[in-house]
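Reader: I would like to learn how to read a few features of a model with some care, taking the general idea before the particular case.

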Amino acid sequence: ALLIILGICSICSAQITFNVIKSVEYTVCNETLVIPCFATNVETKQLAELYVKWKFKGKDIFIFDGSRNQSTPSSNFTSAEITPEELLRGIASLKMKKKDAVPGNYTCEVTELSREGETTIQLKYRVVSWFFQKENILIIIFPILAILLFWGQFGVLILNSKSSRMNQETISVLVAGLFLTMVVIVGAILFAPGEYSTKNASGLGLIVIPMVILQVLQYFVFKTSFEMNYFAIAILILQVLGFVLAVVGFSLCVSECVPVQGPLLISGLGIIALAELLGLVYMKFVENKIKTIVFSNNK
């Protein structure tokens, strides 16, 4: 019985055991990633007695030979590496750049003289949105709302156009407004919620940058329909302030995989929409005031 127990213990000691980690995830924001491999019973104090092999779908992708102190990654995983010094603590985690990562099952084999063992870890790719869902909605809604309010102002402009000169300016405003609308729609399509990418960043740029056209259009609408006054100037200043905030927020977000200045960008777009709303209210108020004066004079 004693021999059987000793035999069992001998078999147990001959196995390298691991902390079981079933899977790890990475996203588009990871420049590098680590597939963990933690051996729990490495006893040696010499690297020369250790040998590590990583496999992917049964094929060797990385080998570390402690006797030679040499690492050999495969041609498809050229950035793969481990930290040899950590092997003495049982850490054989594989590090690689995102460009080499392939989702699937990776096997870590650790050999210490005559003892060996292996563990398998699944690498998963997780899709993450560039902005939070609420931020995505507001980034699209505010510019579209601002454009709709502009078209409301344009409708008031049409109703008050009375000369050929005004008609020429009205046509210019119409063309610019249509151009702005199409650009923002294209931007919204490209920006449609998804991962951080060149396409999404370009879409956000097409949403934010052309908003400068909206300021110019509002100025011409005010100037063409009614005389400029302090309230109209204040609305234009508010419009400029919103645009500046939006551009600053955009510049801080466009190069970040995890944007932290989303609220600044959204605040700027919200202020632009508010300025357009105030502009429409102002134009309707002045229009009604003019109609009241004309009606009184006719009496």
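Author: What follows is a short conversation about backbone angles, helix packing and annotated spans.

Author: This is a predicted model, in which local features need pLDDT of at least 70 and side-chain atom pairs count only at pLDDT 80 or more, while totals for chains, interfaces and linings use all residues. Residues are numbered from 1 along each chain as its sequence is written, and side-chain values use heavy atoms, with hydrogens and water left out.

Reader: Which residue in the loop between strand 3 and strand 4 has a positive phi although it is not a glycine?

Author: Most residues other than glycine have a negative phi. Lys-57 has a positive phi of about 55°, and its place is in the loop between strand 3 (50–56) and strand 4 (59–65), where strands are DSSP runs of E with at least two residues, and helices are runs of H or I with at least four, numbered from the N terminus. Asn-69 also has a positive phi, near 50°, and is found in the loop between strand 4 and strand 5 (70–73).

Reader: Is Lys-57 buried or exposed, and what of Asn-69?

Author: Buried means under 20% relative accessible area, exposed over 50%, and partly exposed in between, with a 1.4 Å probe and protein chains only. Lys-57 is exposed because its relative accessible area is 67%, and Asn-69 counts as exposed at 53%.

Reader: How should I read the packing of helix 5 and helix 7?

Author: Axes are lines fitted to C-alpha atoms, for helices over the stretch in contact, and angles run from 0 to 180 degrees between N-to-C directions. Helix 5 (residues 198–208) and helix 7 pack at about 170°, with their axes 10 Å apart, so helix 5 is roughly antiparallel to helix 7 (an angle over 145 degrees). Ala-201, Leu-204, Gly-205 and Val-208 of helix 5 make the contact with Phe-243, Ala-246, Val-247 and Phe-250 of helix 7, contact meaning heavy atoms within 4.5 Å.

Reader: Where is Val-240 placed?

Author: Val-240 lies in helix 7 (residues 230–253) and counts as partly exposed because its relative accessibility is 40%. The C-alpha atoms of Val-240 and Gln-215, which are 25 residues apart along the chain, are separated by 7.0 Å.

Reader: Where does UniProt place the feature "transmembrane region"?

Author: Annotations may be inferred rather than shown by experiment. The unreviewed UniProt entry places this feature at residues 137–159, 171–192, 204–222, 229–252 and 264–283. In the model, residues 137–159 are 100% helix and 0% strand, with end C-alpha atoms 33 Å apart.

Note on methods:
Parallel < 35°, antiparallel > 145°, perpendicular 65-115°, else oblique.
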